[in-house]
Amino acid sequence: MRKKIIAANWKMNVTISEAESFVEDFQRDVADVTGVEIVIAPAFTSLAKVSRLLENSRNIRLGAQNFHPQSSGAFTGEISAPMLRELFVRYVIIGHSERRQIFGETDAFINEKVLAALANELKPILCIGETLAQREAGQEKEILASQLRGALVNVPAEEFADLVIAYEPVWAIGTGKTASAAQAQDAHAHTREVLAGLSDAETAKKIRIQYGGSVKPDNAVELLHQPDIDGALVGGASLEPRSFTRIVTAALEVSES
Ligand code: PGA
């Protein structure tokens, strides 16, 4: 059984004081939830504060939205994996479509980050996903396969089971348009097949694949019921404790059903 994993990607939102009040409310709301793994990925400025607030949390882990693959050096404005480790960060989002599209990140650079994360005991949440034009051209499966192959070069076989993959169709991010449960399941099953090819079938069964793209309290249950959907990466609906709690609760409900 793959434990469902629900992650909040706050993107460039939420100040330190807002993060503090969010975490206080949210921790109270999900205090009893043990059947779902929860991750919060705040902006870099809030990591230290949120890390302290989560010090005694049994069910909420800290995530980062980005980092640089080098450990230190002349990279003005960047943050390294050892810096994140010192703040007890467990997960890092890698290859988000906003990083690919706005900041020009390539599969090769994303691959460097995956390897650096694993070398520093950070668990990658590796994002993949096709654009609308690619889907309309019927290329989505090819795109997913090539993003996975590109990002996972030289990843040791024994590390595969620890990866988290987030399938995020670019056309569904922040648009209010969600992939239908059937479209998402189809992409997830394909993703697992590609992962099986890169590792083996048994290992691929252990890898958690999140769906991301306009996940809301109202559509979470249906998406999370799909056999290959093992969680969600949530942007907009994670900015408010009540709505994020409802998505966590949806995952719990599905896990227990
Ligand atoms: P969204 O963002 O939930 O606001 O669509 C998801 C993401 O980009 O991770």
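This report describes three helix pairings and the largest pocket in a predicted model.

## Helix H1 and its two partners

Helix H1, which spans residues 16–29, packs against H2 at an angle of about 30°, and the axes of these two helices lie 9 Å apart. Because angles under 35 degrees count as roughly parallel, H1 and H2 are therefore described as roughly parallel to each other. The crossing of H1 and H2 is right-handed. On the H1 side, the residues that meet H2 are Ile16, Ala19, Glu20, Val23, Glu24 and Gln27, while H2 answers with Thr45, Ser46, Lys49, Val50 and Leu53. Taken by character, the residues of this contact of H1 with H2 comprise five nonpolar, three polar and three charged.

H1 also packs with helix H11, formed by residues 241–256, at an angle of about 35° and with the two axes 9 Å apart. The crossing of H1 and H11 is, once more, right-handed. Here the contact is made by Phe22, Asp25, Phe26 and Asp29 from H1, together with Pro241, Arg242, Phe244, Thr245 and Val248 from H11. The residues of the contact of H1 with H11 divide into five nonpolar, one polar and three charged.

## The pairing of H7 and H8

Further along the chain, helix H7 (residues 140–151) and helix H8 (residues 181–198) pack at an angle of about 40°, with their axes 10 Å apart. That angle makes H7 oblique to H8. The crossing of H7 and H8 is right-handed.

In H7, the residues that take part are Lys141, Leu144, Ala145, Leu148 and Arg149, and in H8 they meet Asp186, Ala187, His190, Thr191, Val194, Leu195 and Leu198. The residues of this contact of H7 with H8 include seven that are nonpolar, two that are polar and three that are charged.

## The largest pocket

The largest pocket holds about 390 Å³ of space. Its lining is made up of 15 residues, and those that lie nearest the centre of the pocket are Lys11, Met12, Gln65, Arg99 and Phe103. By character, the lining of the largest pocket divides into seven nonpolar, five polar and three charged residues.

Two helices, H2 (44–53) and H4 (97–102), each supply at least two residues of the lining of the largest pocket. Of the contributors, H4 gives the most to this lining, with three residues. Helix H2 thus appears in two parts of this account, since H2 packs with H1 and also supplies residues to the lining of the largest pocket.

Definitions and conventions:
Residues numbered from 1 in each chain as written. Predicted model: local features only at pLDDT ≥ 70, side-chain atom pairs only at ≥ 80, totals over all residues. Heavy atoms only, no water. Axes fitted to C-alpha atoms, helices over the stretch in contact; angles between N-to-C directions. Helix = DSSP H or I, 4+ residues; strand = E, 2+ residues; numbered from the N terminus. Parallel < 35°, antiparallel > 145°, perpendicular 65-115°, else oblique. Left-handed = near helix turned anticlockwise from the far one by under 90°. Contact = heavy atoms within 4.5 Å. Nonpolar A, V, L, I, M, F, W, Y, C, P; charged D, E, K, R; others polar. 1 Å grid on protein atoms, 1.4 Å probe; cavity = no way out; pocket = protein on both sides within 12 Å on 5 of 7 lines; lining within 4 Å. Points joined across faces, edges and corners; volume = space filled by probe spheres on them.
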